[in-house]
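Trainee: I should be grateful for a close look at one part of this protein, the nonpolar patch on its surface. Please describe the residues that make it and how they are placed.

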Amino acid sequence: MTATDYYLLLAIHGVTLALLVVPPFVAFLRACAAESRAIQAAFRRAEQQSANLPVLAVPPPDFESGDPAWMN
């Protein structure tokens with residue numbers, strides 16, 4: 001096998017691998033982008049709905065204060 005044959009086979013394998021890998025990867029990226037848009041839309045809807053919630057009378061507890069009552 002000459003060097004030319006070797007590099008030709010290497011190129012054929014590279015193209016074959018690219019044809020097998022690239023389309024599923026692109027589909028995966030598109031699905032991720034669609035899910036990201038759906039999540040962002042859900043966050044926007046949640047922000048709009050949270051404006052209608054009542055205000056808390058007591059501030060929420062500080063879990064990072066080290067208070068033993070919250071260490072359970």
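Mentor: Let us begin with Y7, which counts as exposed because its relative accessibility is 54%, above the 50% that the term requires. The model under discussion is a predicted one.

Y7 does not stand alone, for Y6 and Y7 form an aromatic pair. One such pair is counted in the model. In this pair the ring centres of Y6 and Y7 are 5.2 Å apart and the planes meet at 75°, an edge-to-face arrangement. Y6 itself has a relative accessibility of 43%, so Y6 counts as partly exposed; that value lies between the 20% and 50% limits.

Both tyrosines belong to the patch you asked about, which is made by M1, Y6, Y7, L8, L9, L10 and I12. This nonpolar surface patch covers about 780 Å². Another of its members, L8, has a relative accessibility of 51% and therefore counts as exposed. L8 lies in helix α1, which spans residues 3–50.

As for the setting, the protein has one helix and zero strands. Of its 72 residues, 0% count as buried. The accessible surface of the whole protein comes to about 6800 Å², and carbon and sulfur atoms account for 68% of that surface.

To draw the part together, the patch includes the edge-to-face pair of Y6 and Y7 as well as the exposed residue L8.

Terms used. Residues numbered from 1 in each chain as written. Predicted model: local features only at pLDDT ≥ 70, side-chain atom pairs only at ≥ 80, totals over all residues. Heavy atoms only, no water. Patch = residues over 30% accessible without salt bridge, like charges linked within 9 Å, V, L, I, M, F, W, Y side chains within 5 Å. Areas by Shrake-Rupley, 256 points an atom, 1.4 Å probe, with all protein chains shown as cover. Salt bridge = Lys/Arg side-chain N within 4 Å of Asp/Glu carboxyl O. Helix = DSSP H or I, 4+ residues; strand = E, 2+ residues; numbered from the N terminus. Buried < 20%, exposed > 50% of the residue type's maximum accessible area, 1.4 Å probe, protein only. Phe/Tyr/Trp six-rings, centres within 6.5 Å; stacked < 30°, edge-to-face > 60°.
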